[in-house]
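Here is an informal walk through one protein model. Have the viewer open and follow along.

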Amino acid sequence: FDKTKEEDWVNNWKKFFKPIRLDEQIVIKPTWETLEDQTEDMIVVEIDPGTAFGTGSHETTRLCIGQLKKYMKDGDKILDAGSGSGILSFVCNKLGAEHVLGIDIDPIAVDVAGENRDVNNIPADAVSFICGNVLEDQKLVDSIGANYDIVVANILADVIIPMSAVVQKFMKDDGLFISSGIINIKEEEVRQALLDNNFDIVDTVYMNDWVSFVAKKHID
């Protein structure tokens, strides 16, 4: 294993990671870049993704952020399921969430997210990250509790489908489940899973090949 090759790869890769404008207000920027045209009302999330994926450039992240801006209220509690490098968690914090809990099954992603949180000067009690699998760990599910206004999952359809069976356990009665990372060929499958698990779908948005659902608990 050639250490210098690895370092070259990391440094070359950095050349290609430029600031990404997610919308007119939110910019994701690597820690080593400077922003020329930063304004007061701009939300800037700094990130050093390391090898953990999740730079925020993807359509699925943009879909999620659009829906969070539309539905999130000041002081909401957010659960970010599959938090990756932490981008959605930080955006929620900067949009006014009271507390964000990020969960990821990858311990490296959890470490990277914690480092990125510190880079953004966000206190650990405002955004916290834990490692675990809510599909397999009942203790973890019980410990999280049902006090979240929004659960956001920007993962993959194949994870969202089983997750839709457990996610209500984390939600307040009037809470919302925002799911993204769904390729269009899986749209109907995810829709059906949400309906089968007693959700009402309140909003569906599309960007290129990607789909995002907003769902709430079906109350009889």
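The report below goes through the sheets, the helices packed on them, the cores, the cysteines and two loop residues.

## The seven-stranded sheet

Keep in mind that this is a predicted model. Start with the open sheet of 7 strands, whose order is S6-S5-S4-S7-S8-S10-S9, with mixed pairing. S6 and S9 are the edge strands, each pairing on one side only. On average, neighbouring strands here are turned by 15° against each other, direction ignored.

Now look at the strands around S4 (residues 77-81). S4 runs parallel to S7 and is joined to it by 3 bridges. S4 also pairs with S5 (residues 99-104), again in the parallel sense, over 5 bridges. Ile78 is a handy residue to click on: its bridge partner in S7 is Ile150, and its bridge partner in S5 is Val100.

## S7 and the way to S8

How well covered is S7? Mostly covered, as 7 of its 7 residues are buried. General background fits in here: strands of a sheet pair through backbone hydrogen bonds, either parallel or antiparallel. S7 and S8 take the parallel option, over 6 bridges. Within S8, Ser179 is the residue opposite Ala153. To get from S7 to S8, the chain passes through helix H6 (residues 157-163), and this β-α-β crossover is right-handed.

## The three-stranded sheet

There is also an open sheet of 3 strands, in the order S1-S2-S3, with mixed pairing. S1 (20-21) and S3 stand at its edges, and each has a single partner strand, so one side of each is left without a neighbour in the sheet.

S2 and S3 run parallel, joined by 5 bridges. If you want a residue pair to look for, Val27 stands opposite Val44 in S3.

## Helices on the sheet

Which strands does H3 lie across? They are S4, S5, S6 and S7, and H3 runs at about 155° to S6. H7 packs on the sheet too, where it touches S8, S9 and S10 (210-217). The direction of H7 makes about 160° with that of S9.

## Nonpolar cores

In soluble globular proteins, nonpolar side chains tend to be buried together. In this model the largest nonpolar core has 31 residues. The members that touch the most other members are Ile28, Ile78, Phe90, Cys92, Ile150, Val152 and Ile178. At least two residues each come from S2 (26-30), S3 (43-47), H2 (59-71), H3 (87-94), H4, S6, S7 (148-154) and S8 (171-183). H3 gives the largest share, 5 residues. A second, separate core has 26 residues, among them Ala153, Ala157, Val167 and Ala215.

Back to Ile78 for a moment. What is Ile78 in contact with, once neighbours within four places in sequence are left aside? The list is Met72, Cys92, Ala97, His99, Val100, Leu101, Tyr148, Ile150 and Val152. Two of those names, Ile150 and Val100, are the bridge partners met above.

## Cysteines

A disulfide is a covalent bond between the sulfur atoms of two cysteines. How many disulfides are there here? The count comes to 0. Take Cys92 as a case: its nearest cysteine sulfur is that of Cys64, 8.7 Å away. A disulfide calls for sulfur atoms within 2.5 Å, so a pair at that distance does not qualify.

Is Cys92 buried or exposed? Cys92 is buried, because its relative accessible area is 1%, under the 20% limit. Cys131, on the other hand, is partly exposed, with a relative accessible area of 39%.

## Two loop residues with positive phi

Most residues other than glycine have a negative phi. Asn121 has a positive one, near 55°. Where does Asn121 lie? Asn121 is in the loop between H4 (107-119) and S6 (127-131). Asn121 counts as exposed because its relative accessibility is 68%, over the 50% mark.

Asn198 also has a positive phi, near 70°. Asn198 is found in the loop between H7 (187-196) and S9 (199-207). With a relative accessible area of 38%, Asn198 is partly exposed.

Conventions. Residues numbered from 1 in each chain as written. Predicted model: local features only at pLDDT ≥ 70, side-chain atom pairs only at ≥ 80, totals over all residues. Heavy atoms only, no water. Helix = DSSP H or I, 4+ residues; strand = E, 2+ residues; numbered from the N terminus. Buried < 20%, exposed > 50% of the residue type's maximum accessible area, 1.4 Å probe, protein only. Core = buried A, V, L, I, M, F, W, Y, C linked by side-chain atoms within 4.5 Å. Contact = heavy atoms within 4.5 Å. Pairing = 2+ DSSP bridges. Right-handed = clockwise from strand over helix to strand, strands pointing away. Axes fitted to C-alpha atoms, helices over the stretch in contact; angles between N-to-C directions.
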